Amino acid sequence: MFGALSKAVGSVCSRQGQAAVTGLGSVTGHQVRRAGHAENTNTFIREALAVLDLPPAMEKIVITPQREMTVELIINRDDGKPESFMGYRVQHDNARGPFKGGLRFHKDADLDDVRSLASLMSFKTALLDVPFGGAKGGITVDTKALSEHEIEKLTRKFVQIFDEYSKFEGYSPGVVTGKPTWLHGSHGRESATGRGTVFGIKNMLQAFGEGPPADKTFAIQGFGNVGAWAGRLLAEQGGIVKAVSDASGCVYDDGPSGIDVPKLLRHLHRGDDLSKYPHGQQLLRDEIFDVKCDVFVPAALGGVITDPVARKISCKYIVEAANGPTTPSADLILRDRGIPVLPDIYTNAGGVTVSFLEWVQNLQNFKWTTEQVNDQLKTRMDEAFQSMWDSSQEHGVPLRTGAFTVSLRRVVRATVNRGFN
Ligand SMILES: NC(=O)C1=CN([C@@H]2O[C@H](COP(=O)(O)OP(=O)(O)OC[C@H]3O[C@@H](n4cnc5c(N)ncnc54)[C@H](O)[C@@H]3O)[C@@H](O)[C@H]2O)C=CC1
Ligand SMILES: O=C(O)CCC(=O)C(=O)O
């Protein structure tokens, strides 16, 4: 039951003046950035602003969220006792379209974290030229300590408090995205972020003259929705997945074909821990950073690539499937070491892009095939890569700064064109 609800709350768009709730498909997310990350995101934004010739007032305008809300969510636990949780909703920018972004459940989720993620959404949608703004929700909760029924109640409470939309608009399936395919959802949404990541890897390798992913080696941190889809698709294309980690541990296989990804997925789908996988070698969870590979894919948490990690990591490229995995100072170390970083606002934008495609299908009252969705996703990831690459070449800046310059131009143009009165 809750599976269906968690999909149903998926992710919501909202218009100005209407608070809205969004979700991210899975509400069991272990993924959250550690405290203090809004400033990290703002550091990257400021670096791109310095490259652009924009009116100085724009800095504060693009950095300041339009609205932030913190609420207490009280539910009765299964034993009948009430318990209070904190919920957050940040609407960062809607100059380019309705606020859009997922809902994060994590024991460390706080306003600062949600603020940074909301801002990343604005620049992600702008880079992909998806006509949405940026927002994010979060609830401070350890989902492992709650039953499915309790999580459902908490989600409903959050939706009830923040989502005024349906009261005004009536039945409108397009408002919520990430829905199950049998309930107006889109084919291809579940795989979209991992698939988009792989389109991004292909574009990046090609641009750096490395050829296709086949025979390249990969290490993937986090093997949930995004990491597992990326791993599966890379393996299908002849990529060698040498190491995979999740919250329970790390599996490493230095053999010529690396980890048998379908076999590992069957093990996990049976409900067995990655740390109990009997093939390959078991490493400590964070030893994934020591694995020598061509491409390292953080697909779990924010803030994991810190200075010490950046100094020791042994890869040629980093592809940020997670939101905000690299701190600004670690980013500088990676630059010094000549390790290009494919930034989060590009790499993981496949998710919101297919959420947009779901919205389009709902408006049309029509369902596209998986191939049509995946083709659209590829086109948009290719176009966004080209814009990011061109801007980075034009200004002589890293890909992340290139990506933010493209997004900032679009957000600022929309803001100015819409006027301030
Ligand atoms: N699912 C989506 O459509 C999108 C996800 N993202 C980002 O991608 C990242 C992953 O998201 P999902 O795959 O959806 O989450 P998920 O909850 O399905 O998977 C997270 C994975 O990370 C692992 N993990 C947690 N702590 C870890 C640690 N310390 N070391 C290694 N692994 C650890 C978990 O065991 C799990 O395998 C997050 O940063 C999320 O914000 C970004 C855009 C869209
Ligand atoms: O699919 C969506 O709209 C949410 C995506 C999201 O939350 C993210 O990209 O971080």
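Reader: Before I dive in, what do buried, exposed and partly exposed mean here?

Author: A residue is buried if its relative accessible area is under 20%, exposed if that is over 50%, and partly exposed in between. Keep in mind that this is a predicted model.

Reader: Okay, let's try that on K136. Buried or exposed?

Author: K136 is buried, because its relative accessibility is 2% and buried means under 20%.

Reader: Where in the fold does K136 lie?

Author: K136 is part of strand β6, which covers residues 134-140.

Reader: And what does UniProt place at K136?

Author: The UniProt record, an unreviewed entry, puts the feature "active site" there, at K136.

Reader: Which residues come nearest to ligand 2?

Author: There are 12 residues around ligand 2, and K136 is among the nearest, along with K100, K124, R189 and S355.

Reader: How far are the polar atoms of K124, N323 and S355 from ligand 2?

Author: An oxygen atom of ligand 2 is 2.5 Å from an N or O atom in the side chain of S355. For K124, a polar side-chain atom is 2.7 Å from a ligand 2 oxygen. With N323, the distance from a side-chain N or O atom to an oxygen of ligand 2 is 3.1 Å.

Reader: How much of ligand 2 does the protein cover?

Author: The protein covers 96% of the 300 Å² of accessible area that ligand 2 has on its own.

Reader: Which elements give two or more residues to that shell?

Author: Those are α4 (111-127) and α13 (350-364). Helix α13 gives the most to the shell around ligand 2, with 3 residues.

Reader: How does the shell around ligand 2 divide into nonpolar, polar and charged?

Author: That shell has 3 nonpolar, 5 polar and 4 charged residues.

Reader: Switching to ligand 1. How many residues surround it, and which are the closest?

Author: Ligand 1 has 23 residues around it, and the closest are R104, T193, V226, A247 and N323.

Reader: What about polar distances for R104, R285 and A300?

Author: The side chain of R104 has an N or O atom 2.7 Å from an oxygen of ligand 1. R285 places a polar side-chain atom 3.4 Å from a nitrogen of ligand 1. With A300 the partner is a polar backbone atom, 3.3 Å from an oxygen of ligand 1.

Reader: And the cover on ligand 1? How much is it?

Author: On its own, ligand 1 has 830 Å² of accessible area, and the protein covers 91% of that.

Reader: Which elements give two or more residues to the shell around ligand 1?

Author: They are α7 (189-207), α8 (225-236) and β9 (240-246). As for domains, the shell draws at least three residues from each of domain 1 (2-177) and domain 2 (192-347).

Reader: What's in that shell by class?

Author: Around ligand 1 there are 8 nonpolar, 11 polar and 4 charged residues.

Reader: You named T193 earlier. What does UniProt list for T193 and N225?

Author: Both are listed by UniProt under "binding site", in an unreviewed entry. They span 33 residues in sequence, yet their C-alpha atoms are no more than 8.1 Å apart, so they gather at one spot.

Reader: Where is T193, and is it buried or exposed?

Author: T193 is in helix α7. At 9% relative accessibility, T193 counts as buried.

Reader: New topic: which residue is 283 residues from K124 in sequence, and how far apart are they in space?

Author: That's S407, and its C-alpha is 7.4 Å from that of K124. S407 belongs to helix α15 (residues 399-418), and with 0% relative accessibility it counts as buried.

Reader: What about A38 and R115? How far apart are they?

Author: They are 77 residues apart along the chain, with 6.0 Å between their C-alpha atoms. A38 is in helix α2 (residues 37-51) and counts as buried at 8% relative accessibility.

Reader: Last one: what is phi for H184 and for N365?

Author: H184 has a positive phi of about 70° although it is not a glycine. N365, also a residue other than glycine, has a positive phi near 55°.

Reader: Where do H184 and N365 lie?

Author: H184 is in the loop between β7 (176-177) and α7, while N365 is in the loop between α13 and α14 (370-395).

Reader: And how exposed or buried are H184 and N365?

Author: H184 counts as partly exposed at 35% relative accessibility. N365 is exposed, with a relative accessible area of 69%.

How values were computed
Residues numbered from 1 in each chain as written. Chains lettered and ligands numbered in written order. Predicted model: local features only at pLDDT ≥ 70, side-chain atom pairs only at ≥ 80, totals over all residues. Heavy atoms only, no water. Near = heavy atom within 4 Å. Polar contact = N/O pair within 3.5 Å; in protein donor to acceptor, adjacent residues only side chain to side chain. Areas by Shrake-Rupley, 256 points an atom, 1.4 Å probe, with all protein chains shown as cover. Helix = DSSP H or I, 4+ residues; strand = E, 2+ residues; numbered from the N terminus. Nonpolar A, V, L, I, M, F, W, Y, C, P; charged D, E, K, R; others polar. Domains from an automatic or database assignment. UniProt positions renumbered as here; feature names shortened; annotations may be inferred. Buried < 20%, exposed > 50% of the residue type's maximum accessible area, 1.4 Å probe, protein only.
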